[in-house]
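Please open the model in your viewer and keep the selection panel at hand. The tour below moves from one selection to the next and says what to look for at each stop.

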Amino acid sequence: MLKLTIDHQTIEVAEGTTILQAARKIGGSVVPPAMCWYSKLEGSGGKCRTCLVKVSEGSAKDPRPLPKLVASCRTPVIDGMVVQNKTSPEVLEARKAIVEFLLINHPLDCPVCDQAGECDLQDLSYDNGKVSCRYQESRREFDVIDIGNLIKLHMNRCILCYRCVYVADQISGKRIHGILYRGDVSEISTYIKNSIDHNFSGNVIDVCPVGALTDKTFRFKNRVWFLKPMTAHRDCPTCSGKVIAWMRGSEIYRITGRKDEFGEVEEFICNECRFEKKNINDWIVEGPTTLKRHSVISQNHYKEIKTPSVINPLEEKMETQTNDE
Amino acid sequence: MGRKILLENSDIPNIKSFDVFRAHGGYVSVEKALKTMAPDEIIEEVKKSGLRGRGGAAFPTGLKWTFLDRKSNKPRYLVCNGDESEPGTFKDRYLMEKLPHLLIEGMICSSFALGVNTAYIYIRGEFKYLLGILNQAINEAYKNGFLGKNILGTNFSLDMYVHPGAGAYICGEETALLESLEGKRGNPRIKPPFPAVVGLYDCPTVVNNVETLANVGYIVNFGGDAYASIGLGKSTGTKLISACGKINNPGVYEIELGMSVEDFIYKEEFCGGIKDNLELKAVVPGGSSVPIVPKKIILFTASGEKRLMTYESLAEGGFESGTMLGSGGFIVYDQNACIVRNTWNFSRFYHHESCGQCSPCREGTGWMEKILWRIEHGFGNMKDIDLLVSIADKIEGNTICPLGDAAAWPVASAIRHFREDFIFHVQYPEIIKNIKHGALYKYENQD
Ligand SMILES: Cc1cc2nc3c(=O)[nH]c(=O)nc-3n(C[C@H](O)[C@H](O)[C@H](O)COP(=O)(O)O)c2cc1C
Ligand code: SF4
Ligand code: SF4
Ligand code: FES
């Protein structure tokens, strides 16, 4: 067993465990946010850089600090390692910068985005970002496209976490969904506009941390916070049939996988369960569920905001103008 | 001073061909290595030579070779990095074009030392013209028994292939290169594991620069000590410097490490001074990603000593008052050079070449380019200058591969040393707008 200390809390973990996995075992505020790593997707992680942490002591043998912040999702624990997450001003500063980078080309169209209310990027920026924006250049823009007849892609909102690419690769077996071009113009695409017709393709919607991939059978039908999440199951020949049914009254608006406290799907579900079974009679509804992770739909979270209760985007502008004069 | 290792014979007519190269002492090192030396002895000599990676990072080559995983029973690979795409660097292509056999010779010795039976030369996509030259040289080496099965009757066998990229700077980063060589999208891998353990096709792999490998023949022939006696201190041997910009004699020079920068710029047998007798304004000594520095810094260190062409001397003073030797792409600017325009140009390059995997580099490079475009074309404001410094600072050190740093350093150093140029652009937009470079029009019509 290897000993790891993170933000003054110590834990013993098995060889091969990453810093992020170890932190998740402790839970609470020592867990760095993760926008690209996904425990169920091999090869994922390392890209978004939101999980950067400071290694203040490299190991018991060599306690020197590592020169750079490291991506906790892809850095294996070494015995005697001491890591700082929330306790390092350097980490908080870097994370703030990453949020800024992720947002500069983001359209911020939350009012018309289906993901709003359960969006990892909203949560991330609420927790780590800053109120003002220093970006005044043009944003990159893409057309909205259909990926098959069940999924919509809003490339403008994509943060290029590659999760959907790994799903297409690993779950649905056929590599027809990948990334084209490079840099800030790279885009998700099904190669040569093939649609994803695999029976598990709908899971790309659940793994997408933002509203880039949305469910066409649910789009614009309702805001998630007006719906009641209910655990439900059915005897499905293809998948586990264990889902969340998002209901209003006795009507099912959408079906998703069940997610754990870190926002990861517990079991991937098939397209039939997700897109076709929208009748209450299709399901055995177990009862209401409380979402394990904080988000706008788990309520109270956004209430914590103290001052200012209304953010005036013009405030800073007005100030700077008077300063300039 | 002034000894040559690599380009000694480069002017001999038809040295490209096997016969001429062989007649001038070519491939002698292969005979010596295979017939009289043990692989570990060669590695020992390379360590003694103090040879450091010529691809930019200057990592000691012998040490890198000892990291190669020999315990796994997997095949091992040697990959020669000929992607050379850094603006200002054009030495590897010169070497491969003039002396293809020198590279192959070095690679055979290196492969023997590392226990490698398959070696690749990865060249950038734009080097199509080199494909024929290298392939012909490889074929000649096969025909003459220096490649293939049982080389020179020993039980050492080696196959060698040339592989062109598809035109991406990022494929010069060693792990992106390996991905590309495997036929995948050229995204840098997340390290660890390092290529020495998990490299090409998940097998232990050594990646070295063209110039690095071309030096190995000499080291085998004359020994590590002989190599180390050339150069100065820890900067042993010679270095190819590709000099360009506003100088009288642009070109590729092989210099003995340790000569003064001043001599290199002003001496007739090297750069030959600044064109039209103008004043020197700035130098980028190691390819576009190393910090740009003004005349007083490139000629003298902070303590007033003459700056030398060595890894140590050029880096003296850190980023405050130093820079780096990098890959040896030596770019010279005269008094009329617009540093803002140059910075914007570099920035445009890194924005274009970012693979887009990690957020700081993907988003930050584009952001910097857009701001620099505005300043250069008379639409900047004072706050932009500090904003640029802040963005560069946030990219640096937070990315998967060093391209992020390479994009940040030129911007940060330009503002550190030439802030007045930026302020001038902001203060006098009308003057700036009237300086017609022709690019404003073109750029606007590209979108
Ligand atoms: C963005 C980027 C581009 C690079 N391009 C090259 C290149 O064109 N040629 C090269 O030899 N090394 C290049 N390198 C360095 C390689 O990653 C690697 O360090 C080098 O090939 C190792 O060889 P050496 O030890 O012989 O220098 C690049 C690195 C980065 C981060
Ligand atoms: S579409 Fe969603 S899951 Fe796919 S890369 Fe973009 S943000 Fe990630
Ligand atoms: S730093 Fe830039 S080039 Fe390197 S992996 Fe990240 S996005 Fe790609
Ligand atoms: S979660 Fe670690 S880099 Fe994205």
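A salt bridge is taken here as a side-chain nitrogen of Lys or Arg within 4 Å of a carboxyl oxygen of Asp or Glu. Please bear in mind throughout that this is a predicted model.

**Stop 1: a salt bridge between two domains**

Select B:Lys281 and B:Asp421, whose side chains meet in a salt bridge with an N to O distance of 2.9 Å. To place this pair, colour chain B by its domain assignment, which gives domain 1 (18-228), domain 2 (231-334) and domain 3 (339-445). Across the interface of domain 2 and domain 3 of chain B the rule finds one salt bridge, together with six residue pairs in polar contact, both residues of each pair being at pLDDT 80 or more.

Now show only the domain 2 side of this interface in chain B, where the elements that give two or more residues are β9 (280-284), β10 (293-294), α15 (318-321) and β11 (329-334). Of these, β9(B) gives the most, with three residues. By class, this side of domain 2 of chain B has 11 nonpolar, two polar and two charged residues.

Widening the view, you will find 15 residues of domain 2 of chain B in contact with 13 residues of domain 3 of chain B. The two domains of chain B bury about 1,300 Å² between them, with 66% of it on carbon and sulfur atoms, and their C-alpha centres lie 24 Å apart.

**Stop 2: where chain B meets chain A**

Select A:Glu137 and B:Arg374 next, since this is a convenient way into the second interface: their side chains meet in a salt bridge at 2.7 Å, N to O. The count between chain B and chain A is four salt bridges, and the rule finds 20 residue pairs in polar contact across this interface, with both residues at pLDDT 80 or more.

On the side of chain B that touches chain A, the elements that give two or more residues are α16 (339-353), α17 (359-376) and α18 (382-395) of chain B. The largest share, 10 residues, comes from α17(B), and by class this side of chain B has 11 nonpolar, 15 polar and 10 charged residues. In total, 36 residues of chain B are in contact with 34 residues of chain A, and the area buried between the two chains is about 2,900 Å², of which carbon and sulfur atoms give 49%.

**Stop 3: the surroundings of two ligands**

Which residues come nearest to ligand 1? Of the 18 residues around ligand 1, these are B:Gly55, B:Glu84, B:Asn208, B:Asn209 and B:Thr212. A polar side-chain atom of B:Asn209 lies 2.6 Å from an oxygen atom of ligand 1, while for B:Glu84 a backbone N or O atom lies 2.9 Å from an oxygen atom of the ligand. Add B:Lys64 to the selection as well, where an N or O atom in the side chain is 2.9 Å from an oxygen atom of ligand 1.

Move on to ligand 3, which has 13 residues around it, with B:Cys355, B:Gln357, B:Cys358, B:Cys361 and B:Cys401 coming nearest. The shell around ligand 3 divides into eight nonpolar, five polar and no charged residues.

**Stop 4: a link within chain A**

Finally, select A:Arg24 and A:Glu264, whose side chains meet in a salt bridge at 3.2 Å, N to O. This pair links distant parts of the chain, 240 residues apart, with A:Arg24 in helix α1 (residues 19-26) and A:Glu264 in the loop between β13 (251-256) and α6 (271-276) of chain A. A search of the whole structure finds 44 salt bridges over all chains.

Methods:
Residues are numbered from 1 along each chain as its sequence is written. Chains are lettered from A and ligands numbered from 1 in the order in which they are written. This is a predicted model: local features need pLDDT of at least 70, side-chain atom pairs count only at pLDDT 80 or more; totals for chains, interfaces and linings use all residues. Side-chain values use heavy atoms; hydrogens and water are left out. Contact means heavy atoms within 4.5 Å. Buried area is the accessible area (1.4 Å probe) that two parts lose on being put together, summed over both. A polar contact is a pair of N or O atoms within 3.5 Å; within protein, one must be able to donate a hydrogen and the other to accept it, and residues adjacent in sequence count only if both atoms are side-chain atoms. Helices (H or I, at least four residues) and strands (E, at least two) are DSSP runs, numbered from the N terminus. Ala, Val, Leu, Ile, Met, Phe, Trp, Tyr, Cys and Pro count as nonpolar, Asp, Glu, Lys and Arg as charged, and the others, Gly among them, as polar. Domain bounds come from an automatic or database domain assignment. A residue is near a molecule or strand if one of its heavy atoms lies within 4 Å of it.
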